[in-house]
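I opened this notebook to record what I looked up in one structure, entry by entry. The sequence and the model come before my notes.

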Amino acid sequence: MGVGKRIKDYNPDAKVFALEPSTLSILKMGMVEGSHMIEGIGDDFIPGIVDEELIDDIVLIHDYDAINMSKRIAQEFGLGIGISSGANFLASVIMDNDELNMATVFPDDNKKYITTKLSEPIDEDPELESNKVKLIGFEVI
């Protein structure tokens with residue numbers, strides 16, 4: 001919310017996208033309906049820090065895609081990012097278009113996910129959104 005507010009202070013025409021875990025991947029992951037693996041978001045409550053007036057749209061990201069994107073970024077760039085970082089990156093790719101400059105943040109790393117699906121091999125399923133992304137480089141700013 002802080003980054004979004006600062007960007008909108010600088011450019012009121014900027015768009016801020018929130019993301020929520022999609023429930024469509026729940027059956028594939030064998031999870032209990034209503035649960036998800038993107039920690040810190042989508043837990044049936046809105047934290048007090050959230051200013052809904054700043055949010056222009058919500059992007060739905062599958063748990064499995066968030067995890068797979070994190071794995072791919074780790075393998076291809078050596079960046080140990082967490083699941084919500086993979087979700088943020090994928091949401092920025094999905095929302096990208098010729099009229100927008102996109103920015104995202106990686107709010108977590110992979111250390112706390114060592115015993116989760118994040119430590120399993122990359123899923124090469126071509127139907128996953130995370131496998132439709134061509135990673136070409138990155139810049140830290």
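Entry on charged pairs. I count a salt bridge when a side-chain nitrogen of Lys or Arg lies within 4 Å of a carboxyl oxygen of Asp or Glu. The model is a predicted one, in which local features need pLDDT of at least 70 and side-chain atom pairs count only at pLDDT 80 or more, whereas totals for chains, interfaces and linings use all residues. I number residues from 1 along each chain as its sequence is written, and I take side-chain values from heavy atoms, with hydrogens and water left out.

My search of the whole structure gave 6 salt bridges, and I noted three pairs by name. Lys 132 is paired with Glu 129, with 3.2 Å between the closest N and O atoms. Asp 109 and Lys 111 form another salt bridge, where the closest N and O atoms are 3.2 Å apart. Glu 120 and Lys 117 meet through their side chains at 4.0 Å, N to O. As a general note, side chains of opposite charge can pair when their charged atoms come close.

I then looked up how open these residues are, calling a residue buried under 20% relative accessible area, exposed over 50% and partly exposed in between (1.4 Å probe, protein chains only). Glu 129 is partly exposed at 34%. Asp 109 is partly exposed at 30%, while its partner Lys 111 is exposed, with a relative accessible area of 62%. Glu 120 counts as partly exposed at 38%, and Lys 117 is partly exposed as well, at 29%.

Entry on the fold. I took helices (H or I, at least four residues) and strands (E, at least two) as DSSP runs, numbered from the N terminus. The protein chain has 4 helices and 2 strands, and their order from the N terminus is α-β-α-β-α-α. Of the 141 residues in the chain, 34% are buried. I counted a contact where heavy atoms come within 4.5 Å; among contacts between residues at least 6 apart in sequence, 71% join residues at least 24 apart.

Entry on confidence. For pLDDT, the predictor's confidence in each residue from 0 to 100, I noted a chain mean of 82, with 83% of residues reaching 70 or more. Among the elements, helix H3 (residues 63-77) has the highest mean, 93, and helix H2 (residues 26-29) the lowest, 41. Over residues 24-33 the pLDDT stays under 50, and for this stretch the model has 19 contacts beyond four places in sequence.

Entry on the core. Which residues have the most contacts inside the largest nonpolar core? I defined such a core as a set of buried Ala, Val, Leu, Ile, Met, Phe, Trp, Tyr and Cys residues joined through side-chain atoms within 4.5 Å. The largest one has 17 residues, and Ile 61 and Met 69 are those with the most contacts inside it. Strand E2 (57-62), H3 and H4 each supply at least two residues of this core, and the largest share, 5 residues, comes from H4.

Entry on pairs distant in sequence. Asp 63 lies in helix H3 and is buried, with a relative accessible area of 0%. Its C-alpha is 7.9 Å from that of Ala 87, although the two residues are 24 apart in sequence. Pro 121, in the segment after H4, is by contrast exposed at 69%; Pro 121 and Lys 71 are 50 residues apart in sequence and 7.8 Å apart in space, C-alpha to C-alpha. Gly 137 is also found in the segment after helix H4 (83-95) and is partly exposed at 45%. Between Gly 137 and Glu 76, 61 residues apart in sequence, the C-alpha to C-alpha distance is 9.1 Å.

Entry on the surface. I used accessible areas from the Shrake-Rupley method with a 1.4 Å probe, where for residues only the protein chains shown count as cover. The accessible surface of the chain comes to about 9300 Å², and 52% of it belongs to carbon and sulfur atoms. For patches I took residues with over 30% relative accessible area and no salt bridge, joining like charges within 9 Å and nonpolar side chains (Val, Leu, Ile, Met, Phe, Trp, Tyr) within 5 Å. Val 3, Ile 7 and Val 105 make a nonpolar surface patch of about 230 Å². Of these, Ile 7 sits in helix H1 (residues 2-10) and is partly exposed, with a relative accessible area of 38%.
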